[in-house]
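Q: Please take a close look at one helix of this structure and at the empty space beside it. I am new to this structure, so define the terms along the way.

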Amino acid sequence: MTLQEREQLGGRRPAGGDRPVEAPPPATAASPTAPATGPATASAPGPDAAARSTFARNLARQRELYGEPLGDRIRRLQAALGVSQARLADGLGLSTAMLSQLVSARRVKIGDPAVLSRLALLDRYVRRLPAGESVRADELLAQLRQTRPHLGLPGAVPRDPGEALRAVAPPAQLAAAASVLGPRFPAIAELLRRAAADQR
């Protein structure tokens, strides 16, 4: 290209000329293409850390409520009776899934007071077993499943009313009380007569 042609172009060099192409300016911190510099920022806790925190908190709460984690108690009962978790759950009146959640501390509390009472009753029974004594687990758990403990009295089984009456009065007095109450309170009188007649 002649000097005249260059002057006509205003001193600009055409693309593809002999002038080297300049590299783009380096990216700055303000540039959106600038690489991140400096220390990495702290990331939020992952799901594993959150799960461990929940597990530890639930275990601590179970210790407060029951004196130990429920998993420890359930495993002790399973070992003493030689039964599966599903069989023990049935004896307590719980679903297998619910008992599994309690054992793994995914759930904290036993919501049904009757189930809690059965668990306490069974735990006391197992603790009092002489070392090496065999247990008829199926029979024991079947009986446990049929119990209807009083709310607020863990492990208590409703007492036979006749037995309670015989504990406070001899049969002759029960029969006399039945005669007095008969005209006005026939149902109570009948209960007294049955208690007097049942000599256990």
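A: Helices are DSSP runs (H or I, at least four residues), numbered from the N terminus. The model is predicted, so local features need pLDDT of at least 70 and side-chain atom pairs count only at pLDDT 80 or more, while totals for chains, interfaces and linings use all residues. Residues are numbered from 1 along each chain as its sequence is written, and side-chain values use heavy atoms, with hydrogens and water left out.

The helix in view is α3 (70-81). Just after α3, G82 has a positive phi of about 70°. The expected span of a helix is 1.5 Å times one less than its number of residues. For the twelve residues of α3 that gives 16 Å, which agrees with the 16 Å between its end C-alpha atoms.

Buried in α3 (under 20% relative accessible area, 1.4 Å probe, protein chains only) are L70, G71, R73, I74, L77, Q78 and L81. Seen down the axis of α3, these buried residues fall within an arc of 165°, so they line one face of the helix. The arc is taken from the directions from the helix axis to the C-beta atoms. Their cover, by contact (heavy atoms within 4.5 Å), includes α2 (47-66), α4 (85-92), α5, α6 and α7 (137-146).

The lining of the largest cavity includes L70 and I74, together with L92, L94, L99, L102, I110, V115 and L119. Elements giving two or more residues to this lining are α3, α5 (96-103) and α6 (113-127).

Note on methods:
1 Å grid on protein atoms, 1.4 Å probe; cavity = no way out; pocket = protein on both sides within 12 Å on 5 of 7 lines; lining within 4 Å. Buried < 20%, exposed > 50% of the residue type's maximum accessible area, 1.4 Å probe, protein only.
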